[in-house]
Amino acid sequence: MENRLERPIYENPVYSRRKDTDRLLELPVAAVSDSVAYRTCRFVSDGQLRIDRLWKLFAEQFTVQDDSENYGWRGEYWGKMMRGGCFVYRVTGDSGLYLALRKAVLYILNTADSDGRISSYKREKELCGWDMWSRKYILLGLQYFYDICPEEALRNRIIAAMCAHLNYITERIGPDEGKKSILDSSHIWGSVNSCSILEPVVRLYNLTDDKKYLDFAEYIISTGGSNLGNLPELALKNEIPPYKYPVVKAYETMSFFEGILEYYRITGEEKYLTAVLNFTDAVLATDYTLIGNCGCTHELFDNSSECQTEDRTDIMQETCVAVTLSKLLFQCYLITGNPRYADAIETTYYNTILGSINFEGNKKLNMDPALSKRDYSHVADFVNEIGGFMFDSYSPLYKKSRNRKTGGFQTMDGNKAYGCCACIGAAGTAILPFSAVTMSAAGPVIGQYIEGKFDYSLPEGGLLTVETETGYPFTNTVKMTVTVPEYLIGGCVSLRIPSYGNAVITLGGKHGKTFDAKAGTFFELPVKSFAQKAEGLCSAVIAIEFDEQAVIISKNDKIAVKKGCIVMAADSRIADIDAVLDDTLLFDLPGESSVQSRLCREMVFGNGTKITLIDYASAGACWDDPADKVTAWFDSKKA
């Protein structure tokens, strides 16, 4: 089970066809040693993804079908967490996790009706509310397990189940007489939640070459994705930002555009690529915050880039949004090779994603009555038994507490409960490792710097090995040994230089040749400059020193501090979150913190204020104490 080279992803048509459209190709990881990213994935695997009673509970929703009582979304939980589990498995290769996922897949396959229907809604109330959305996640969960499954008989069973499941839908949803329009299959957000099934529909076409699935994808696109307006056309025109779209629900809208990108990969119609890139770039321009997330009004596009400094509720910047944004950014990175998307992935990961994880092991369900308006004490025992929710749902920026409310909260079986962000978070932990090393036409591309040893299986055979010593991004130095097959001698290894500052690269050890590298670019090292090794290999020792000084960001009479991609924040346990700072930083020195943190700095500002700041992901992470607060934005006063 641990040999992940049995079915490399480039043999899967979902991925292999991308060589015609994408500048960068994913590489399957053959082996991984220790790293921050690896340890995080293992933590999530052990604390969430291997809990069998969760998988059973989620699968039971397709037999009890309680979602039809309140038009709920319990049916999304299984597929969301399965997709994340498969992503995490691709990073860790943990055979125990694979077996847990395999068991969970059998649970869901056994819920299918004789006609292929898998739904958390009763038949008489189906194809409304969140039903199509949840059926989308059934497809995605099965498809991503198919990617990692080495068992031919089980793969065949999964393909048959997915086809029957989607056939049931296409027989009832579509443009033909007697069928329901997909725009009428939900009363929520203009039915964009239903239309986001586009992504797994295209992926299933890739796996089967069954034209009816491509026809169904074309039908979904022809509707514009919403009965409130044509979303691809709005993005293609690029005249208004996403927060002015007729649908501003960030998560569902981004999910729909992920499907548009998959459709482009099949058809090659450039307008769809343009629409997706216009949309994504507009999100980064107008709705991307300091910590790499969107939506300061709950989980809605709202011009977050501008309004992020305001004194808002804790319920902002949903984790579901951060994960979906990371996934969309990764696809844009693959298809364009533009390093700015890797920068954004890095910012989101090290601030929002890491900050959302319950590393403290908090087991309380903190549902602030002022926010939730309901008493959920009857599910507290269950939450405690499963070790608490692995992921927080929201990320505050200005003088607020973490863990105030569980987003997408639904009760199940009377005394059990879960939430949408708790299910999706695992997928977010794997996007940074996925983008660490990819392959271009010119050779390997190192897009993220992750400590440890990674072996990658190359499409043309052989292994690429990247062994890295670094504390990046919490330190400014990287030392790596890169070993490639000799047949890449005419190519190069590209190194991403983040946009936060220039770098100096040394090739060949302490006394090797040095190069200046410009921020926001890829620096190319020819493989022919590497040392020749035995057995047809070329190897080089590469050192990188980044110039990532702490910088002040001023906006709306407030300031923030970033050091590289890391947002520095105040934790009320060790610092005054009401401190007034100015836009002149006099000293930035290593500090010591009495609370656990990944980066601690003592900073002195021009107005004389001295304050201890730690990385945002660590700040305010004492989830069981609502009195503990975090702030990333500070009130400002010039010296």
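This is a short selection tour of a predicted model.

**Stop 1: the open sheet**

Start with the strands E1, E5, E6, E10 and E13. These five strands form an open sheet, in the order E1-E5-E6-E10-E13. The pairing is mixed. Now select the edges: strand E1 (25–26) and strand E13 (521–526). Each has a single partner strand, so one side of each is left without a neighbour in the sheet.

Zoom in on E1. Its pairing with strand E5 (residues 437–440) is antiparallel and runs over two bridges. Select Glu 26, then look across to E5: Thr 438 stands opposite.

**Stop 2: helix H10 and the loop before it**

Select residues 198–208. This is helix H10, and it is mostly covered. Ten of its eleven residues are buried. Among the buried residues are Leu 198, Glu 199, Arg 203, Tyr 205 and Asn 206. Val 201, Val 202, Leu 204 and Leu 207 are also on the buried list, as is Pro 200.

Step just past the helix to Asp 209. Its phi is positive, about 60°.

Now go back to Ser 196, in the loop between helix H9 (192–195) and H10. Is Ser 196 buried or exposed? Ser 196 is buried, because its relative accessible area is 0%. Show the side chain of Lys 136 as well. The side chains of Ser 196 and Lys 136 are joined by a polar contact of 3.1 Å. To see what else surrounds Ser 196, add Trp 133, Glu 252, Ser 255 and Phe 256, which Ser 196 also touches. That list leaves out residues up to four places away in sequence.

**Stop 3: backbone oddities in loops**

Select Tyr 71, in the loop between helix H4 (67–70) and helix H5 (76–92). Phi of Tyr 71 is near 50°, a positive value in a residue other than glycine. Tyr 71 counts as partly exposed because its relative accessibility is 38%.

Next, Asn 403. Look in the loop between helix H19 (380–385) and strand E3 (410–412). Here too phi is positive in a residue other than glycine, near 55°. Asn 403 has 10% relative accessibility, so it counts as buried.

Then select Tyr 472 and Pro 473. What joins them? A cis peptide bond, with omega about 5°. Pro 473 sits in the loop between strand E8 (463–470) and strand E9 (477–485).

**Stop 4: a nonpolar surface patch**

Switch on the surface and select Leu 586, Phe 587 and Leu 589. Together they make a nonpolar surface patch of about 300 Å². Leu 589 belongs to strand E20 (residues 585–590). Its relative accessibility is 48%, so Leu 589 counts as partly exposed.

**Stop 5: Thr 612**

Finish in strand E22 (residues 610–615), where Thr 612 is found. Thr 612 counts as buried because its relative accessibility is 13%. Which side chain makes a polar contact with the side chain of Thr 612? That of Glu 602, at 2.6 Å.

Display the other contacts of Thr 612: Ala 569, Ile 574, Ala 575, Glu 592, Cys 600 and Arg 601. Neighbours within four places in sequence are left aside here.

For a last distance check, pick the C-alpha atoms of Thr 612 and Ser 305. They are 26 Å apart in space and 307 residues apart in sequence.

Technical notes:
Residues numbered from 1 in each chain as written. Predicted model: local features only at pLDDT ≥ 70, side-chain atom pairs only at ≥ 80, totals over all residues. Heavy atoms only, no water. Patch = residues over 30% accessible without salt bridge, like charges linked within 9 Å, V, L, I, M, F, W, Y side chains within 5 Å. Areas by Shrake-Rupley, 256 points an atom, 1.4 Å probe, with all protein chains shown as cover. Salt bridge = Lys/Arg side-chain N within 4 Å of Asp/Glu carboxyl O. Helix = DSSP H or I, 4+ residues; strand = E, 2+ residues; numbered from the N terminus. Buried < 20%, exposed > 50% of the residue type's maximum accessible area, 1.4 Å probe, protein only. Contact = heavy atoms within 4.5 Å. Polar contact = N/O pair within 3.5 Å; in protein donor to acceptor, adjacent residues only side chain to side chain. Pairing = 2+ DSSP bridges.
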